[in-house]
Amino acid sequence: MTAVDRHRLSMHHSEVQVSVELQTPDMTLNLGPQHPSTHGVLRLIARVDGEVIEEVEPVIGYMHRGYEKIAEVRTYPQITALVNRIDWVSGFANEIPFMVATERLMGLDVPERAQYIRLILTEMARISSHLVFLSSFPLELGAATPLMHALRERERVLDLIEGVTGGRFHPNFNRVGGVKPAAGAGSTQKKVIQDLPIEFLEQSRQAMQYVRDVCDDLKDLVVGNEIFMERTKGIGIIPVDKALAFGVSGPNLRASGVPFDIRKTDDYLPYSNFEFDVATGENGDCFDRYTVRLEEVIQASRIIDQAIDSIPSGELQAKVPRIFKVPQGEIYVRAENPKGEMGYYIVSEGGRGPYRLKIRSASFSNLSVLPWLLQGQLVPDVIAILGSLDFVLGDVDR
Amino acid sequence: MTANPSELAERVAGVVGSDRFSSDNGTAKVRVDSDHWLEAHQTLGAEMPYFSWLSAIDWATEVAVGDPPESEDVESRYEILSCLGNVETGELVVLSTDIAKDDPSIASLTDVFGGANWHEREAAEMMGIDFVGHPNLTHLYLPDAFEGHPLRKTFPLLSRDVKPWPGTVDVEPMPDEEGPSTENPEDAG
């Protein structure tokens, strides 16, 4: 049933005396740039015929900060501070592909313990990012309660990230060759006594249990809610061929039934050491995009539990000179970020900074499907579809 | 990556009819002629339907910001890159072509991959490249009245000309240029 059919059907049921043949002139509807439903500063110029969208043009660029240009005048360690501001809801995860790309260009072997710490914090960033989505998406559809439940547990996870890195959103914690000693351990100390905060592992284990509990709550509160189902099932379907041609990745692609997870295909972090399932949907609608992310939170907590049990001891950083140049070469490294495929194409010409840095961000490609996706949809469904794509404007504009 | 990058590069080069391929640093890269840019994507699209990204590099020996290339025999040109993948095998390949700076135009991929639309608009405004056949080659990020192409190497960072970035005063010399280095990772923070 298409959106238009549904619209006509409901009018029929309520016996409204309106002819579906009613002539409604084209009207231009402006959504945003400042609007709570647009997740930041996104403007949509929609041409509507009555309640039906005929054409929509997203206007982006309000958050454009020109990182690709700034990166050309910065050194590699300085760029770490830039990249975790791209998708600020999962700041830590943004640093990983950039670090791995730089390390591979330099031929460095990162100590295993550092890789495990990176992996644990990346999965925590995924949980924190997904919990924001899982609670704010129902809010946009009118359900305020899940927000209180999910953000409480998200704060627990953010506290853990902050305890290690010193920052809730912008950790700036990775170093080329590993990670830095944890906040509070004294980064200027000559000898690293303590690399993770006391009781970090135990608290993480507890937090993961709380996270799984809140997922159960969300299943009851949201997934089983009839109003939620009505608003999301069969709405905003992205077929697989369109998703691939537009570069849609991450949970949005998996909701369409494609079990593509870069954690399984690439080896940027030691994910092959852990057991976890790739959550997929069936229909590619807003509802599936919600349940896929809900399942991913549970899987991420599974990964963290296993990593805590098996984290090896050892060094935190490979031997890297304080000031270094990166050998000439080109490399593309991508990672499975909470929003989807995040990658960096680094062109090094043997300097302290890259000659050219291309940032491939997930939200940019995920949002580019919007003009196609919104055609023929109803205006009230626009909010559901926008919310279900889970984009961050900083990740779109870079 | 699941697939061996060098084998992948060789296989893709065979599919698109090119003999220039590399797999340095684990990144499979195949170079094609600019005349065959669209054709190569149409051919490869059946096997690699996932369109990851498209961008460009400005190769120049004189730059307004940053460091110029180390080797001085860099040929002045724009290099267009696109990245295609297969989501079943996890394979990923970068296609690349060169276009001359005095005529920076190339066929648009929007008919093959819908996702190329925004990526090409970005490359057009940032690098000044004309994508022939693009339905709406207007500014994506920049204001409509913005003049110039910011990612070109000739484009200066004006804000840094007015006020130097404070971080520049902290830049230490390379160890081989002056004094011994401290190879102490704990200091790196």
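Before anything else, a definition: two strands are said to pair if DSSP finds at least two bridges between them. With that in hand, let me take you through this structure, and please keep in mind throughout that it is a predicted model.

I will start with chain A, where an open sheet of three strands has the order β1-β2-β3, with antiparallel pairing. The edge strands of this sheet are β1, residues 26-31, and β3, residues 52-59, of chain A, since each of them pairs on one side only. From one strand to the next, the twist averages 20°. If we look at one of these pairings in more detail, strand β2 of chain A, which covers residues 43-49, runs antiparallel to β3(A), and seven bridges join the two. To find one bridge on your screen, take Arg43(A), whose partner in β3(A) is Val59(A).

Now let us step back to chain A as a whole. Its secondary structure comes to 16 helices and eight strands, and of its 398 residues, 52% count as buried. When we consider the contacts in chain A with a separation of 6 or more, 71% of them are between residues 24 or more positions apart.

One helix that deserves a longer look is α4(A), which has 16 residues and reaches 24 Å from its first C-alpha to its last, close to the 22 Å expected at 1.5 Å a residue. How many of the residues of α4(A) are buried? The count is 14 of the 16, and so this helix is largely enclosed by the rest of the structure. Just after α4(A) comes Gly107(A), which takes a positive phi of about 70°.

A word on confidence in chain A: the mean pLDDT is 85, and 89% of the residues reach 70 or more. There is, however, a stretch at residues 185-190 of chain A where pLDDT stays under 50, and for which the model has 10 contacts beyond four places in sequence. Where pLDDT is low, the predicted coordinates should not be read in detail.

Let me turn to chain B, which has four helices and seven strands, and which, read along the sequence, follows the pattern α-β-β-α-β-β-β-β-α-β-α. Buried residues make up 39% of its 189 residues.

A good strand to follow here is β5 of chain B, residues 92-99, because six of its eight residues are buried, so that the strand is largely enclosed by the rest of the structure. Strand β2 of chain B, residues 29-31, runs parallel to β5(B), with three bridges between them, and Val30(B) stands opposite Leu95(B). Strand β4 of chain B, residues 77-85, pairs with β5(B) in the antiparallel sense over eight bridges, one example being Ile80(B) with its bridge partner Thr97(B). β4(B) and β5(B) also form a hairpin with six residues between them, and in that turn Gly90(B) has a positive phi of about 80°.

Finally, we come to the place where the chains meet, a contact that takes 55 residues from chain A and 46 residues from chain B. On the side of chain A, several elements each supply at least two residues, including α4 (91-106), β7 (340-348) and α13 (362-368). Which element gives the largest share of that side? It is β6(A), with four residues. By residue type, the side of chain A that touches chain B divides into 19 nonpolar, 17 polar and 19 charged residues.

Note on methods:
Residues are numbered from 1 along each chain as its sequence is written. Chains are lettered from A and ligands numbered from 1 in the order in which they are written. This is a predicted model: local features need pLDDT of at least 70, side-chain atom pairs count only at pLDDT 80 or more; totals for chains, interfaces and linings use all residues. A residue is buried if 20 or more other C-beta atoms lie within 10 Å of its own, exposed if 12 or fewer, and partly exposed in between; C-beta atoms are placed from the backbone. Two residues are in contact if their C-beta atoms, placed from the backbone, lie within 7 Å. Ala, Val, Leu, Ile, Met, Phe, Trp, Tyr, Cys and Pro count as nonpolar, Asp, Glu, Lys and Arg as charged, and the others, Gly among them, as polar. pLDDT is the predictor's confidence in each residue, from 0 to 100. Axes are lines fitted to C-alpha atoms, for helices over the stretch in contact, and angles run from 0 to 180 degrees between N-to-C directions. The expected span of a helix is 1.5 Å times one less than its number of residues.
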